[in-house]
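Please examine the sequence and the structure shown here before reading on. The paragraphs that follow begin at a pocket and then turn to a helix beside it in the discussion.

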Amino acid sequence: MVTNTRQPLLSVVVPVYGVEAQLHQCLESILDGLDDTDAADVEVVAVDDASPDRCGELLQAYATRRPALRTVTLTRNVGLGLARNAGLDAVTGEYVWFVDSDDWLPTGSVTAVLGRLRADRPDVLLLDHLRVHHDGREEMDASSPLLRGVNGCVRLTERPALLRVQHTAWNKVVRRAFLTDLGVRFYPGWYEDIPFSHPLLIRRRADRGARPDLLLLPSGSPRRNHRHPPVTGTSTRSTNTTGSLTGCPTLAPRRPSCAPTCSNG
């Protein structure tokens with residue numbers, strides 16, 4: 001048997017905590033429906049953040065059926081930010097996307113993302129999203145119109161309003177080498193997305209002293225869920241998180257819709 005050792009184009013990091021009821025839907029939305037070419041370009045790294053339910057068992061069973069999934073198991077609960085770091089340390093893809101485990105992607109989202117990455121090779125691909133409420137109602141984010149009307153890559157100097165796009169990790173697909181050059185990591189505790197999100201748009205590339213190239217994908221993004229508890233959390237309030245929301249403990253993460261943004265520094 002020949003083992004495929006080619007570097008995947010896209011690594012998807014999925015932090016997992018207390019989402020037994022939503023986990024399968026999330027993973028299937030990432031991997032289901034990919035053709036052979038796209039499937040070879042995707043790996044999923046799920047981080048079991050010492051989840052107290054059956055998530056670890058479900059991940060093991062899923063990995064036996066889907067070799068594209070690898071699992072990182074943490075011996076103690078560390079919270080969303082540090083769980084993402086653990087996944088980031090394990091990925092091998094050229095690009096990395098952080099998807100929360102109680103969110104799901106509409107059909108065709110990963111294919112659309114791969115197509116834009118191959119065509120434009122941005123530093124950062126920005127994605128739109130929809131909020132899904134407990135009654136099934138879908139709500140567009142107030143910043144969604146900022147991702148419209150751009151063909152190809154742009155820079156922040158051309159579209160400074162992009163700084164008003166949701167300050168989250170799950171709405172950005174990032175070139176891993178660019179992330180490494182910036183030295184950006186997630187912090188523990190609340191609002192872990194903000195010190196990660198802003199530098200990706202603001203800092204200059206070390207190799208050419210320019211702002212990063214941004215690519216926008218305004219449709220086909222993930223859907224975020226307002227019905228369930230946070231994707232990861234800890235036992236102390238100071239380090240508890242609420243998925244990729246704003247830190248409000250009463251809300252759960254929202255599901256993205258397919259609208260990426262890309263820019264090439």
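**A pocket and helix α1**

The second largest pocket is lined by 13 residues, and Ser 29, Asp 32, Pro 106, Thr 107 and Gly 108 lie nearest its centre. On a 1 Å grid over the protein atoms alone, a pocket is an open set of points where a 1.4 Å probe fits, with protein on both sides within 12 Å along at least five of seven lines; lining residues have an atom within 4 Å of a point. This is a predicted model, in which local features need pLDDT of at least 70 and side-chain atom pairs count only at pLDDT 80 or more, while totals for chains, interfaces and linings use all residues. Residues are numbered from 1 along each chain as its sequence is written, and side-chain values use heavy atoms, without hydrogens and water.

By class, the lining of this pocket has 5 nonpolar, 6 polar and 2 charged residues. Helices α1 and α5 each supply at least two residues of that lining; helices are DSSP runs (H or I, at least four residues), numbered from the N terminus.

Helix α1 spans residues 23–31, and 7 of its 9 residues are buried, meaning under 20% relative accessible area with a 1.4 Å probe, protein chains only. Among them are Leu 23, Cys 26 and Ser 29. What covers the buried residues of α1 includes α3 (55–65) and α5 (109–120). After α1 comes Gly 33, whose phi is positive, near 85 degrees.

Across the protein chain, buried residues make up 55% of the 265 residues.

Note on methods:
Buried means under 20% relative accessible area, exposed over 50%, partly exposed in between (1.4 Å probe, protein chains only). Contact means heavy atoms within 4.5 Å. Ala, Val, Leu, Ile, Met, Phe, Trp, Tyr, Cys and Pro count as nonpolar, Asp, Glu, Lys and Arg as charged, and the others, Gly among them, as polar.
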